[in-house]
Each structure stands twice: as structure tokens, then as C-alpha cells.
Amino acid sequence: MDIRSAEKALEYSKNEGGRIVMVLGEEAKEVCEGLDPSGVERFIKNHMDELGALVLVGERMKPFVEKDKTKIHHANDLPGGIELAKSMTKEKDIILSCVKCFR
């Protein structure tokens with residue numbers, strides 16, 4: 001999973017209609033190569049207007065919350081990110097999870 005995968009998933013999800021809450025990041029920076037923070041920063045710059053909200057997962061993603069505290073949130077791990085996204089959605093909304101993790 002890399003940032004291009006997240007972009008493709010977002011494009012696909014937009015076809016479904018409905019508000020999109022995306023969970024994006026990494027469970028641990030030790031996971032393979034992790035998720036490139038500079039790629040996440042570009043993603044935010046290029047796609048934030050397409051999202052209802054963004055939940056960033058992982059310690060290295062925390063600084064990006066400062067870019068828009070009303071729409072960008074942080075969770076320490078994937079389960080926390082999913083729970084936070086659920087709390088921000090209503091029926092017919094989409095939760096899009098793109099979190100790089102080792103399973």
C-alpha cells in the first residue's frame with residue numbers, strides 16, 4: 001500500500017456518491033517501508049477538498065493535523081482510526097481505510 005493506492009481508492013469511492021471519511025496512515029513506521037509522510041502531505045494538499053474528514057493514523061502523521069484541525073484528526077492505531085471515522089459518519093457515508101500495517 002502506498003499513496004498511489006490511496007488515491008486510486010479515493011477515486012473509486014467517489015463514484016459511489018456520499019460523504020467520504022478516509023482513514024490514512026501507518027500502524028507502525030517499522031512496517032515494511034512505512035507510508036511516506038511527504039506523500040501524505042501531497043495527498044492532503046491535492047485531495048482534502050474531496051473528503052468530508054480525514055483520520056490520520058500513526059505517530060509520523062500527527063503533525064499534518066495542524067493543516068486543518070476542523071477536518072483532519074489523528075488516531076494512534078487502526079482500530080482507533082476506524083472508531084473515530086465511525087463517529088463522524090451517517091448512513092450512506094463511506095469510510096475508506098488506507099492504513100499500511102503488518103498483519
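This report walks through the fold, the sheet and the nonpolar cores of one protein.

Keep in mind that this is a predicted model, where local features need pLDDT of at least 70 and side-chain atom pairs count only at pLDDT 80 or more, while totals for chains, interfaces and linings use all residues. Numbering starts from 1 along each chain as its sequence is written, and side-chain values use heavy atoms, with hydrogens and water left out.

**The overall picture**

The protein has three helices and four strands. Helices (H or I, at least four residues) and strands (E, at least two) are DSSP runs, numbered from the N terminus. Follow the sequence and you get the pattern α-β-α-β-β-α-β. The radius of gyration, taken over C-alpha atoms, is compared here with a globule rule of 2.2 Å times the number of residues to the power 0.38. For this protein the radius is 12 Å, close to the 13 Å that the rule gives for 103 residues, so it is as compact as a globular protein of that length. The C-alpha atoms fill a box of roughly 35 × 30 × 25 Å, taken along the principal axes.

How many of the residues are tucked away? Of the 103 residues, 40% count as buried, where buried means under 20% relative accessible area, with a 1.4 Å probe and protein chains only.

**The sheet**

All four strands join in one open sheet, in the order S3-S2-S1-S4, with parallel pairing. Two strands count as paired if DSSP finds at least two bridges between them. At the edges sit S3 (72-75) and S4 (94-100), each of which pairs on one side only.

Strand S1 (residues 20-26) pairs with S2 (residues 53-57) over five bridges, and S1 also pairs with S4 over seven bridges. Here are some of the residue partners:

| Residue in S1 | Bridge partner |
|---|---|
| Leu24 | Leu56 in S2 |
| Ile20 | Ile94 in S4 |
| Val21 | Ile95 in S4 |

Seven of the seven residues of S1 are buried, so this strand is largely enclosed by the rest of the structure. Ile20, Met22, Leu24 and Glu26 point one way from S1, while Val21, Val23 and Gly25 point the other way. That fits a general habit: in a regular strand the side chains alternate between the two faces of the sheet. S4 is largely enclosed too, because five of its seven residues are buried.

**The cores**

Nonpolar side chains tend to be buried together in soluble globular proteins. A nonpolar core here is a set of buried Ala, Val, Leu, Ile, Met, Phe, Trp, Tyr and Cys residues joined through side-chain atoms within 4.5 Å.

Which residues touch the most other members of the largest core? Among its 21 residues, they are Met22, Leu24, Val40, Leu54 and Leu56. Helix H1 (3-14), S1, helix H2 (37-47), S2 and S4 each give two or more residues to this core. A second, separate core of ten residues includes Val21, Val23, Val55 and Ala75.

Leu56 is a good residue to look at. Not counting residues up to four places away in sequence, Leu56 touches several residues, including Leu24, Val40, Ile44, Phe64 and Ile72; contact means heavy atoms within 4.5 Å.

Conventions: Buried means under 20% relative accessible area, exposed over 50%, partly exposed in between (1.4 Å probe, protein chains only).
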